[in-house]
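Trainee: Hey, I've just opened this one and don't know where to begin. Could you walk me through it?
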Amino acid sequence: QVQLVESGGGLVQPGGSLRLSCVATGNISSINAMGWYRQAPGKQREWVGDITTGGTTDYVDSVKGRFTISRDNAKKTLYLQMNSLKPEDTAVYYCHMFSGSFWGQGTQVTVSS
């Protein structure tokens with residue numbers, strides 16, 4: 001079994017930055033293909049971006065150029081660096097491990113002045 005725990009969310013003003021982390025624990029030797037998703041109030045969960053086993057990243061158009069996904073296999077940690085945040089980025093952010101379809105519990109990001 002694998003557990004994913006996100007952290008780093010919070011309240012930030014428009015234009016600000018946050019870095020989310022997702023630590024994987026349990027029966028796992030390394031993290032490979034993983035993704036970030038988000039769910040705003042009253043909306044469906046949406047894909048934000050992902051990173052493949054080979055390190056290729058892809059993002060939804062609305063965050064391209066502002067968000068960056070990276071990982072540290074030694075720490076079994078996935079990151080989401082979010083810059084130039086906008087109020088419409090407000091949501092609960094979840095990390096997802098494609099192999100085994102594991103999800104974290106989510107971390108709240110609120111962008112507001």
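Mentor: Let's start with a polar contact: the backbone oxygen of Lys75 lies 2.8 Å from a polar atom of the Thr77 side chain. A polar contact is a pair of N or O atoms within 3.5 Å; within protein, one must be able to donate a hydrogen and the other to accept it, and residues adjacent in sequence count only if both atoms are side-chain atoms. Keep in mind that this is a predicted model, where local features need pLDDT of at least 70 and side-chain atom pairs count only at pLDDT 80 or more, while totals for chains, interfaces and linings use all residues. Residues are numbered from 1 along each chain as its sequence is written, and side-chain values use heavy atoms, with hydrogens and water left out.

Trainee: Okay, is Thr77 buried or exposed?
Mentor: Buried, with a relative accessible area of 5%. Buried means under 20%, exposed over 50%, and partly exposed in between, using a 1.4 Å probe and protein chains only.

Trainee: And where does Thr77 lie?
Mentor: In strand 8; strands are DSSP runs of E with at least two residues, numbered from the N terminus. Asp72 stands opposite Thr77.

Trainee: Which strand does strand 8 (residues 77–82) join up with?
Mentor: Strand 7 (residues 67–72), which runs antiparallel to it with six bridges between them. Two strands pair if DSSP finds at least two bridges. They form a hairpin with four residues in between, and Lys76 in the turn has a positive phi of about 50°.

Trainee: What does Thr77 touch further along the sequence?
Mentor: Leaving aside neighbours within four places in sequence, Thr77 is in contact with residues including Ser21, Cys22 and Ile31. Contact means heavy atoms within 4.5 Å.

Trainee: Switching topic: how many aromatic pairs are there?
Mentor: One. The ring centres of Tyr37 and Trp103 are 5.0 Å apart and the planes are at 65°, so the pair is edge-to-face. Rings of Phe, Tyr and Trp (its six-membered ring) pair if their centres lie within 6.5 Å; planes under 30 degrees apart count as stacked, over 60 as edge-to-face and the rest as tilted.

Trainee: Which parts does that pair tie together?
Mentor: Tyr37 lies in strand 4 (residues 34–39) and Trp103 in strand 10 (residues 102–103), so the pair links parts 66 residues apart in sequence. Tyr37 counts as buried at 15% relative accessibility, whereas Trp103, at 35%, counts as partly exposed.
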